[in-house]
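Trainee: I would like to learn how to read the features of a structure that is new to me. Where do we begin?

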Amino acid sequence: MNWDKIIFGAGLYGLYAALQCGQRGEKILVLERDAAPFMRATYINQARVHMGYHYPRSFSTAIKSAHYFERFHRDYEFCELTSFDQVYATSARYSWTNAAEFRRFCRAANILCEDLPPERFFNPGLCDGAFLTREYTYDAQILKQYFLDKLAPLKNVVIRCSEQPSEIEKEEEHWQVKTSKGERESAPFLLNATYAGVNDIHAMMGFEPFKIKYELCELILCTVAKPLENIGITVMDGPFFSIMPFGKTGLHSLTSVTFTPHVTSYDPLPTFDCQQRSGGLCRPGSLYNCNECPAKPASAWPYMSQLAKKYLREEFGFSYKGSLFSMKPILKASEIDDSRPTVVRVLSDSPRFVSVLSGKINTVYDLDEVLS
Amino acid sequence: MNREKESNFASAVFYLHNNEGQITPFLERVWAELEQHFKQFEIIAVNDASQDGSVEEIRRFMAQKDRAMPLTIVNMSLYQGVELCMNAGLDLSIGDFIFEFDSLSLCYPEGQIFDAYRNALTGYDIVSVRPRRGRSLTSRLFYGIFNRSSGSNYKIGTDIFRVLSRRALNRVHAISATPAYRKAAYAASGLKLCAIELPSSAGADANQPLRFSLAMNSLVLYTDVGYRVCAGISLLMLLCTLAELVYTLVIFLGGGHPIEGWTTTMLVLSVGFFGVFLILSLVLKYLSLVVDLIFRQQKYLVEGIEKL
């Protein structure tokens, strides 16, 4: 069948693109290899609507996040949890930043940063500064429903799940896509919004891979004690942790820089030991959903909870509810300054092929430029 | 032995400085004991700019372990000595209980590591394991002076290793952010401390020569030896000049006939020095107060509260 655009991946970026183009009347096909949209990174992450606090070492990322924050908040407020105190703290030891630096950074980026006494939250001597900030968390399930509801009346947009491209060939001004279900589709425009699978598609089409470090990450869901209920805490900037509300689920997510990544791969097509135990579901060049995988690792809860317990005062208790696993690609160039640029790369002009890679939800607007 | 493993999280922090030969047996012993007794543990090696193959030995050791327990190596930028390094390791540790190994010496019986931990569970925040007799004369002298003048009930000595509770570490950090001398800081923390003495005096702290400047700093910071010695001397000098003043006055009033000009010279000298030593004594008092104010962030220390 002929389409105006074929989009790989029904995460936020994929569905956002589908909606934008669908509303203009374009014929859009979305292929999603999982059984439903929003089953990987869009859902399995800290669900932070970034204001920029996270990037005291990358001013440009911070400014951009702050700018998009307001826009995302305007457009998608319905899926955000805003009624909690987001506390950022700087660890006294092993941190790449400190209280004074963080204050200065927030002033420069013009984002809210109000001093709180660190001893209100943390054990003595562990944090040299604590700050009340303005940041929200989004609920991926509500966001997903919004997109599905908006897309449902559009007859020109089709989302096909449990289906992925198996062969892609260029034929004059069109891409010929053969899918895993044997269907043949054709379009002059391909959008690769597969996030962790971005290089899989590149390999299939013979394009140079992004230079990426892959991490299999675990996000822990917790129930929390009363004092922590309306508080999110993030300790910066180094081997620390974050415990904050997870959308509107009533649960908190717990992550840590050292224990959240379980295994790492630097290969262009990520290779992991656990792939051999996945029963053929996952292999280099075709990443399965880690959260659904039979070979997912044992939880790092003992370590993550211990780290958080070390910092937090006793009354801020929390307990284990479950774990979510997902693959996270990190652009290698961004490791030093910890920036998280949203990369939108046009790899072929005619027919058009565009790959997008972003670790942040509110920079989705970066897509607008290439979609028009 | 089918005992239930401890659910407390254990951290082992050790100091590494060119210990290529000792590292593997040490790791094997510590790993085996921790794995046998604890559900969860971590090991932190603080590498104080080793120039030999110590770090490679650790990597080799880890490569043959199938169980993934985090072993972290903290690489110091340049040689900084055991106190600063161990502080760096402790700051990174996350355990409920922390084992502190200043040296890799293995001169204690097997099972001693866990024994020390069990001792801690009976209500001691700090348990140190040490040989019965101190080794060298200088270290005995230092500990002798220190213990006599620290004002703490607990005597410090040449420890082989220690177990600390998280509570103890928090307490020590509340008193001062980076303790200059951990042992003394623990003894001065006001928490319950116990020392297990091993029968032999063999091999304790083989790579730990007593460091003179550290010893002086500790005496100044954690005891009042420095203040007392200085105050004593200036008081003595004060008395001497006072005696001289009296003597001069007696000669002068008694109509003695020393060389011309002697009496006035002596009067000026003794009155002048009297003033100088008086001021010195006051300055010393101020200095000791300043050290106290800067160094101790908490005014009083409690061991615990008991309600009857």
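Mentor: What follows takes the interface, then the cavities, then some points of the backbone. Keep in mind that this is a predicted model.

Trainee: How many residues of chain B and of chain A are in contact?

Mentor: Contact is a matter of distance, with heavy atoms within 4.5 Å. Here 13 residues of chain A are touched by 22 residues of chain B.

Trainee: How much area do chain B and chain A bury between them?

Mentor: Buried area is what two parts lose on being put together, summed over both. For this pair the figure is about 1400 Å², and carbon and sulfur atoms carry 58% of it. On the side of chain B, the residues that lose the most area to chain A are Asp91(B), Ile94(B) and Asn170(B), which together make up 39% of what that side buries.

Trainee: How many salt bridges are counted between chain B and chain A?

Mentor: For a salt bridge, look for a side-chain nitrogen of Lys or Arg within 4 Å of a carboxyl oxygen of Asp or Glu. The count between these chains is two. In one salt bridge, the side chain of Asp91(B) meets that of Arg93(A), at 3.3 Å from N to O. There are also six residue pairs in polar contact across the interface, with both residues at pLDDT 80 or more.

Trainee: Which elements give two or more residues to the side of chain B that touches chain A?

Mentor: They are helix H3 (81-92) and helix H6 (166-175) of chain B. H3(B) gives the largest share, five residues. Sorted by class, that side of chain B has twelve nonpolar, seven polar and three charged residues.

Trainee: Now the interior. How many cavities of 30 Å³ or more are there?

Mentor: A cavity is a space where a 1.4 Å probe fits but cannot get out. The count is six cavities of 30 Å³ or more. The largest holds about 90 Å³ of space. Its lining has 15 residues, and those nearest the centre are Leu216(A), Cys274(A), Cys282(A), Cys290(A) and Cys293(A). By class, the lining of the largest cavity has eleven nonpolar, three polar and one charged residues.

Trainee: And the backbone: which peptide bond has omega near -20°?

Mentor: That is the cis bond from Met236(A) to Asp237(A). Asp237(A) sits in the loop between strand S15 (231-236) and strand S16 (241-245) of chain A. Another cis peptide bond, with omega about 0°, joins Ser350(A) and Pro351(A). Pro351(A) lies in the loop between strand S20 (343-348) and strand S21 (352-357) of chain A.

Trainee: Where is Tyr94(A) found?

Mentor: Tyr94(A) is in the loop between strand S5 (85-91) and helix H3 (99-109) of chain A. Although Tyr94(A) is not a glycine, its phi is positive, about 65°.

Note on methods:
Residues numbered from 1 in each chain as written. Chains lettered and ligands numbered in written order. Predicted model: local features only at pLDDT ≥ 70, side-chain atom pairs only at ≥ 80, totals over all residues. Heavy atoms only, no water. 1 Å grid on protein atoms, 1.4 Å probe; cavity = no way out; pocket = protein on both sides within 12 Å on 5 of 7 lines; lining within 4 Å. Points joined across faces, edges and corners; volume = space filled by probe spheres on them. Nonpolar A, V, L, I, M, F, W, Y, C, P; charged D, E, K, R; others polar. Buried area = accessible area lost by both parts, 1.4 Å probe. Polar contact = N/O pair within 3.5 Å; in protein donor to acceptor, adjacent residues only side chain to side chain. Helix = DSSP H or I, 4+ residues; strand = E, 2+ residues; numbered from the N terminus.
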